[in-house]
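Student: Hey, got a minute to go through the sheets in this one with me?
Tutor: Sure, let's put it on the screen.
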Amino acid sequence: MEIFQAITNMTAVGLAQHMVNGISLGSLYALIAIGYTMVYGILLMINFAHADIVMMACYFALFGITTFHIPWYLTFVLTIILTALLGVTIERTAYRPLRDAPKNSVLISAIGASFLLENLATYVFTGRPLHFPDIPFLSSMIAVGGVQIQAICLFIPIVTVICLVGLLHIVNHTKTGMAMRAVSKDYEIARVMGVNIDNIISITFAIGSSLAAIGAIMWGIRYPGITPYLGVMPGLKCFIAAVIGGIGNIKGAVIGGFILGLGEILIVAFFPQFSGYRDAFAFLMLIWILFYKPTGLLGEKTTEKV
Amino acid sequence: MNTNKRNIMLTLAALVVLFGVACFAQTEIDSYVRRIINLCLIYAIIGLSMNITNGFAGQFSLGQAGFMAIGAYMVGIFTVPVNLRADVFYATPMHPWLVNIYFPLWLALILGGILAAVVAGLIGTPVLRLRGDYLAIATLGFSEIIRIVITNATPITNGALGIKNIPPLNDVRYIFLATAISYIIITLLLNSSYGRAFKAIREDEIAAEAMGINLFYHKNLAFMVSAFFAGIGGGLYGALLGTVDPKNFLFTITYNFLLIIVLGGMGSITGSMFGAIIVTGGLEYLRLFDEPLEVMGVVIPLFRPGLRMVVFSILLMLCVLFWRHGIMGTNELTWDKILNFVKHPLAGFRKKGVQGK
Amino acid sequence: MKMKKFVSAFLASAVALSLVAGCGGGDKKKAEEKKPEAAATVKVGVFLPLTGDNAGGGELEIRGIKLANKLHPEVKGKKIELVIADNKSDKAESANVAARLIEKDKVKVILGTYGSSLAMAAGNIVKEAKVPAIGTSCTNPQVTKGNDYYFRACFIDPFQGTVMANYAYSKGARKVAIVQEVSNDYSVGLAKFFIEAFKKLAGPDSIVEIANYQTGDKDFSAQLTNLKAKNPDMVFAPGNFTESALLVKQARQLGMKIPFMGGDSWETQDFLNVGGKDVEGVEFSSFFDSTNAATPEAKKFLEAYAKEYKGEQPGGLTAMAYDCYLIALAAMEKAGTDDSQKIRDAIAATKDLETATGKTTLNADGDPIKSAVVKTIKDGKFTYLKTVNPEDLKAQ
């Protein structure tokens with residue numbers, strides 16, 4: 001009887017641990033997915049470089065703290081600013097010249113930008129992994145009844161929700177937000193109505209990239225091995241998360257992120273023999289959702305875009 | 001009709017001459033250059049295959065890596081001599097059903113192509129309903145799934161350990177013939193009513209449908225043909241290297257072919273050929289960026305491994321931004337143009353001669 | 001408009017740079033043409049992954065080769081010139097580069113590479129060209145098997161796996177869990193030989209769990225939580241150092257205090273940097289003991305390394321690469337520098353050669369017969385635990 005209790009107790013703790021793992025991974029995915037969805041909502045293009053912007057932000061934060069000895073909170077602010085600048089630069093050089101080009105050209109340009117960032121990072125930072133510095137309290141562990149939680153994992157969902165609320169506010173209740181929505185609906189008409197399209201798109205990229213920076217900092221603290229290719233797989237998965245939630249829809253991206261993060265963890269939890277197929281889960285999920293609900297879970301025509 | 005006949009004769013003649021060159025290359029040129037030529041030819045097949053969907057049918061697919069993997073593994077699994085297989089599958093023995101099945105290379109190539117096409121057909125049914133970015137990401141997803149399945153299907157594919165001991169094929173003649181045959185078949189297909197249907201779909205799906213073109217059938221056909229040739233290209237790639245493993249077929253390899261068709265011109269057969277040669281050869285040429293450079297005794301620190309890929313990606317970006325249509329755009333290099341070009345400068349030369357008098 | 005101007009300026013400078021580089025290359029070629037008349041240099045080809053996924057390993061190995069070249073710059077009065085090429089951690093590139101070294105740079109012997117699949121891609125080329133190659137840290141048995149022209153300086157996975165299985169058993173482990181990087185040939189191979197050896201020692205049910213992850217994964221919490229529930233005595237988790245360091249870190253974060261064991265790839269500064277204090281106490285097999293110089297050559301190596309890379313400990317990879325160079329050097333001393341075939345035969349006959357990791361003797365397959373070392377991490381440093389000789393394993 002006691003043994004039986006121990007087993008049920010064990011699995012309960014195990015399950016709780018799995019849930020915690022899943023939620024913390026999911027909220028990271030959600031944070032990065034918002035960036036994808038923002039850009040997609042306005043430009044209707046996959047910003048393939050988004051994942052590599054995340055990677056660059058990791059390096060910015062890392063070097064700020066380790067090489068330049070800037071206090072971590074200041075570094076985070078600087079990282080967000082630098083990353084926003086990077087995002088805007090990429091938009092101006094790689095996407096703006098192609099605004100009237102066919103969509104596929106923009107997609108190719110995005111792939112090219114991503115390729116360039118990866119190669120540049122490999123060249124400048126070498127391929128050796130660097131350690132993201134430990135942040136005093138965020139990196140520490142908290143034990144709750146046998147379940148281990150890293151402090152940052154408690155923060156990530158909070159940060160995600162703050163970002164979500166802030167973004168929804170910007171999009172729904174400010175003039176810039178209104179302009180964003182206008183551009184997203186029809187940018188020709190928006191232009192005619194006097195919206196400065198280029199500015200709005202730059203702002204979108206700045207916001208999207210700042211979100212990438214926040215995501216990157218969280219990512220770096222949680223998974224502190226930084227390499228030039230670190231963004232590739234998470235980037236794809238976050239994009240998939242955005243599609244699952246309904247691309248262009250901010251709330252959808254968050255939901256998609258959680259579904260993907262939890263799903264990935266739980267599939268390993270319940271079917272350990274399939275742990276080698278873990279990455280396939282995201283892609284299968286993508287294809288499934290595209291097949292049954294191509295607009296995603298929340299991507300209905302009535303919900304607001306952008 | 002007459003010019004048509006002439007063009008066909010010219011093409012055949014050119015192929016025969018090129019085959020002669022290939023024979024010459026095989027015996028006279030060192031194995032490094034031969035390897036580069038072979039890689040150019042193989043990349044040309046895969047580039048062409050990608051151009052069928054992306055350039056001609058206008059369906060932006062990024063699944064080439066997966067189809068290559070299928071072809072390469074077909075060659076890997078079935079052309080390794082039976083007595084060497086125990087060595088290859090030293091960790092997990094090969095599946096007993098497969099262990100004694102041996103195919104010659106040509107058969108394995110064709111079967112690899114067919115299997116890739118079948119898989120493409122299965123994938124195509126749900127995926128080809130999507131458009132643009134969605135299609136791109138879904139096909140990319142499938143190519144990753146194929147790779148993950150290959151990684152995990154150890155008794156068949158030897159998993160991450162890969163397959164070694166594939167009889168090496170660094171033979172320009174063989175690979176040239178394969179490329180030539182692929183080229184001819186793809187050209188015939190794209191010049192047939194199917195090819196015109198593909199282009200119609202590319203230009204305007206709704207209009208094409210209104211004209212009575214069965215969208216689903218033609219898209220799927222383009223996708224399957226594309227996969228077939230990607231499979232053949234992948235098989236040759238595996239045979240050229242003599243070894244395959246799943247990491248070869250990460251989705252990033254697809255970007256190589258994307259670059260080839262972008263540079264050559266999306267929707268141009270000859271463009272893909274040029275693109276393959278320029279990209280493969282160019283990457284080899286750019287290798288000097290990776291080597292330390294001394295200018296007048298001073299070592300420039302900028303030149304170290306990695307710079308080559310940076311330069312390469314910058315050139316790619318510039319090409320995409322300022323030279324969107326690539327070398328050929330959607331045009332072809334035809335005999336008429338070549339002959340005109342040959343005649344034209346001659347005419348100009350004659351005029352000058354007259355002036356001289 | 002401005003943008004266009006900027007870009008065209010950029011393009012122009014890129015082209016100019018390329019031309020300069022081209023000319024620079026040209027100058028070098030001219031210089032090379034003159035050199036053979038003087039016959040003052042011998043070219044040794046090096047191909048390593050300096051970019052791409054395996055760049056970390058390649059970077060460490062190039063250090064060893066450069067260091068060896070610095071300490072032993074000459075053979076038979078001729079200067080040794082290293083021709084270093086990057087194989088981009090890509091198999092097609094690896095094959096190209098090997099062919100290029102042989103055909104274009106006319107090297108007589110090739111050193112490299114990290115990563116068995118990269119080495120295997122070059123295998124047919126060196127075999128065809130009859131130019132010997134010495135692998136630095138490609139531990140897959142297939143690299144040298146059936147290839148008379150590929151040798152290596154490192155031990156192979158079956159041996160390494162057996163060493164660790166024996167070690168785990170001797171430490172009292174009876175229930176072991178495996179975490180393998182399913183897309184990495186090195187990890188899968190090593191895990192497989194470990195499992196085989198351990199099952200022989202502790203019975204068929206002694207492996208309680210085999211968990212998989214993919215190269216590049218960052219999150220292992222699900223696999224580790226499963227593993228924790230199985231409560232094994234030890235975990236064997238061979239793999240790339242980036243992933244492995246994160247894996248151990250996350251295991252500790254989940255409150256797992258079980259010992260972790262791994263393979264030689266863990267012995268890098270990067271593993272320590274990323275893992276920090278969480279990787280304290282992990283145990284892994286290695287090629288050599290950097291705290292105890294086994295030979296005078298090893299002492300030389302350790303001193304030179306300490307001078308060159310202050311504050312870092314030389315890892316097994318660097319030592320292996322150093323050994324590679326020494327094996328090639330000794331063979332050229334014996335067989336001259338002109339004939340690749342003779343150099344090959346001399347390499348094959350390598351016996352009791354003093355290298356940085358002890359005495360090296362190559363067997364019929366071209367693999368060295370050498371002992372492994374078990375190490376741990378203590379106070380942020382790699383610390384020697386035990387030497388395991390091949391004879392010891394046979395005795396058991």
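Tutor: One term before we start: two strands pair if DSSP finds at least two bridges between them. Also keep in mind that this is a predicted model.

Student: Okay. So how many bridges are there between β11 and β14 of chain C?
Tutor: Four, and those two strands, residues 283-286 and 372-378 of chain C, pair in the antiparallel sense.

Student: And which residue stands opposite Ser285(C)?
Tutor: That's Val374(C), in β14(C).

Student: What's the strand order in the sheet they belong to?
Tutor: It goes β8-β7-β9-β10-β11-β14-β15 in chain C, an open sheet of seven strands with mixed pairing.

Student: Why is one side of β8 and of β15 left without a neighbour?
Tutor: Because β8 (207-213) and β15 (381-388) of chain C stand at the edges, and each has a single partner strand. As for twist, the average is 25° from one strand to the next.

Student: Which helix lies across β14(C)?
Tutor: Helix α5 of chain C, residues 157-170, running at about 60° to β14(C). The helix also lies across other strands, including β7 and β9 of chain C.

Student: Switching topic: what about the sheet with β1 in chain C?
Tutor: That's an open one too, with six strands in the order β2-β3-β1-β4-β5-β6. Its edge strands are β2 (74-75) and β6 (150-152) of chain C.

Student: Do β4 and β5 of chain C run parallel or antiparallel?
Tutor: Parallel, joined by two bridges. Leu111(C) stands opposite Ile134(C) there.

Student: And which helix packs on that sheet?
Tutor: Helix α3 (residues 91-103) of chain C, which touches β1, β3 and β4 of chain C. Its direction makes about 175° with that of β1(C).

Note on methods
Residues numbered from 1 in each chain as written. Chains lettered and ligands numbered in written order. Predicted model: local features only at pLDDT ≥ 70, side-chain atom pairs only at ≥ 80, totals over all residues. Contact = placed C-beta atoms within 7 Å. Axes fitted to C-alpha atoms, helices over the stretch in contact; angles between N-to-C directions.
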